[in-house]
Amino acid sequence: MIDHRRLGRELDLFVSDPLAGAGLPIWLPAGAAARHAVEEYVRELERRSGHQHVYSPPLGKRELFELSGHFGYFADDMFPPMRLSADDEFVLRPALCPHHALVFRARGRSYRELPLRIAELGGMYRSERSGVLGGLSRVRAISLNDAHTFCAPDQVGEEVVEILGLIRAAHAALGVRPAGFRLSLRGPGEKYVGDDAQWARAEELLRGALAGVDYVEAPGEAAFYGPKIDIQIVDAAGRESTISTIQLDFDKPERFDLSYTDRDGSRRRPVMVHRSLVGSMERLFAYLIEVHEGAFPAWYAPVQLMLLPVDDGQVDAVTELARRAVDAGLRVEVDAAGSLGARIRDAARRRVPYLGVLGSREAADGHLALRLRGGRALDPMPAAAALALISRQVASRAADLLPPD
Ligand SMILES: [Zn+2]
């Protein structure tokens with residue numbers, strides 16, 4: 001049975017220490033290296049598509065979250081406030097939107113700036129009961145890939161279509177296989193804010209953006225402030241969860257009194273689109289560890305190249321080659337201790353995508369014999385060519401270890 005908690009331990013990706021607290025895993029160097037590569041990719045994808053990145057603190061004044069509505073609608077999922085004095089209470093934030101609304105409000109805005117896309121990979125917190133916590137899939141400290149687009153009402157449809165494209169690109173690069181698209185709508189009950197006409201219009205916009213996509217409608221699954229598109233994944237145990245989301249919000253611009261100056265000089269209310277391309281780093285990696293069984297694509301593998309000298313005679317040559325690989329931007333390790341067979345088995349256990357074996361003949365010729373994860377051995381080639389091959393596969397974020405023939 002594939003389980004990211006077991007693989008996480010075996011591959012030294014993360015640790016859950018009871019002393020740190022349940023649902024508060026620690027990313028170990030190998031897990032952090034993989035996550036860092038994924039974060040850099042996502043940031044670049046967002047930068048290229050017109051997003052501007054910000055940093056905001058993971059806690060804020062209670063009043064901020066009263067204004068946003070989180071205290072009214074979401075308090076059960078929040079940690080209790082921290083009181084510094086009678087009129088000074090802070091909470092760990094349950095979402096990034098309130099801070100991003102303040103980014104929009106930081107100065108006057110013009111229609112020329114819209115759509116304004118504010119992105120952040122930020123911390124947020126959820127007071128999950130300890131019974132439901134496990135590994136990285138359900139945690140209390142969440143690192144969310146998040147962004148909020150502030151746009152004119154007539155820009156919403158196009159923006160949603162564009163975000164769907166970004167989600168598809170991110171899924172393809174990471175190896176995410178969505179289990180389905182879901183249009184989450186209002187259900188019965190009164191937990192929803194905003195008027196009927198707004199909801200109807202928002203639902204219609206999302207349906208339009210999903211034209212040609214296979215999706216199901218899920219009444220009652222909407223956020224309290226608007227309908228959303230959720231993209232679902234299924235983990236190895238068959239549990240379904242949301243990995244990517246696009247949510248329309250007519251409510252927060254109202255609550256934060258957000259406005260921009262339109263072409264004719266009038267003040268207009270923007271629409272806020274919440275979206276996450278790949279969800280939280282925690283849930284994403286819980287999924288990626290399982291779907292790849294720990295064998296990540298080379299571009300985010302913790303160690304991309306393991307160099308193995310056949311015996312002590314090649315240690316200097318291997319050290320020099322490792323330095324060149326590091327200079328080329330690769331994550332590389334040298335394993336020189338023990339029998340070659342045991343070292344090859346250990347690298348296979350760690351799912352290292354490329355092994356570079358260096359015997360006396362390769363060292364003399366300046367060659368390297370590459371072995372791919374899975375066992376395939378390539379003919380020895382000039383070391384520079386071997387590093388170039390790996391660098392190309394990494395730079396193109398290829399799923400395969402070799403270019404297509
Ligand atoms: Zn949000």
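The protein has 13 helices and 20 strands in this predicted model. Its C-alpha atoms fill a box of roughly 75 × 50 × 40 Å along the principal axes. Of its 405 residues, 51% count as buried. Contacts across the sequence are also informative: among those between residues at least 6 apart, 71% join residues at least 24 apart.

Helix α10 makes a good place to begin a closer look. This helix runs over residues 315-327, and its 13 residues should span 18 Å at 1.5 Å a residue; the end C-alpha atoms are indeed 18 Å apart, in agreement with that expectation. Val318, Leu321, Ala322 and Ala325 are the buried residues to follow here. Seen down the axis of α10, the buried residues fall within an arc of 105 degrees, so they line one face of the helix. In general, an α-helix has 3.6 residues a turn, so residues three or four places apart point the same way. On the other side of α10, Asp316 and Asp327 are exposed. The cover over the buried residues of α10 includes four strands, β16 (305-309), β17 (332-334), β18 (354-358) and β19 (367-372), together with helix α13 (383-395). Just after α10, Gly329 adopts a positive phi of about 90 degrees.

Helix α13, part of that cover, also holds Gln393. With a relative accessibility of 6%, Gln393 counts as buried, because the cut-off for that class is under 20%. Beyond its neighbours within four places in sequence, Gln393 is in contact with Tyr354, Ala398, Asp400, Leu401, Leu402 and Pro403. Its C-alpha atom is separated by 26 Å from that of Ala336, a residue 57 places away along the chain.

Several loops deserve a friendly word on backbone geometry. Most residues other than glycine have a negative phi, and most peptide bonds are trans. Asp12 has a positive phi of about 55 degrees although it is not a glycine. Asp12 lies in the loop between α1 (4-10) and β1 (14-15), and its relative accessible area of 48% makes it partly exposed. Arg351, likewise a residue other than glycine, has a positive phi near 60 degrees; it is found in the loop between α11 (340-349) and β18. The peptide bond from Leu114 to Pro115 is cis, with omega near -5 degrees, and Pro115 belongs to the loop between α5 (97-105) and β7 (116-125).

Attention turns finally to the empty spaces in the model. The second largest pocket contains about 210 Å³ of space. Its lining comprises 15 residues, of which Leu11, Ala30, Pro302, Val303 and Arg350 lie nearest its centre. By residue class, this lining divides into nine nonpolar, one polar and five charged. As for enclosed space, a search of the whole structure finds one cavity of 30 Å³ or more. The volume of this largest cavity is about 40 Å³. Val193, Gly194, Gln198, Trp199, Tyr225, Gly226, Pro227, Phe250 and Asp251 line the largest cavity, and these residues divide into five nonpolar, three polar and one charged.

How values were computed:
Residues are numbered from 1 along each chain as its sequence is written. This is a predicted model: local features need pLDDT of at least 70, side-chain atom pairs count only at pLDDT 80 or more; totals for chains, interfaces and linings use all residues. Side-chain values use heavy atoms; hydrogens and water are left out. On a 1 Å grid over the protein atoms alone, a cavity is a set of points where a 1.4 Å probe fits but cannot get out, and a pocket is an open set with protein on both sides within 12 Å along at least five of seven lines; lining residues have an atom within 4 Å of a point. Grid points are joined across faces, edges and corners, and a volume is the space filled by probe spheres set on the points. Ala, Val, Leu, Ile, Met, Phe, Trp, Tyr, Cys and Pro count as nonpolar, Asp, Glu, Lys and Arg as charged, and the others, Gly among them, as polar. Helices (H or I, at least four residues) and strands (E, at least two) are DSSP runs, numbered from the N terminus. The expected span of a helix is 1.5 Å times one less than its number of residues. Buried means under 20% relative accessible area, exposed over 50%, partly exposed in between (1.4 Å probe, protein chains only). The arc is that of the directions from the helix axis to the C-beta atoms. Contact means heavy atoms within 4.5 Å.
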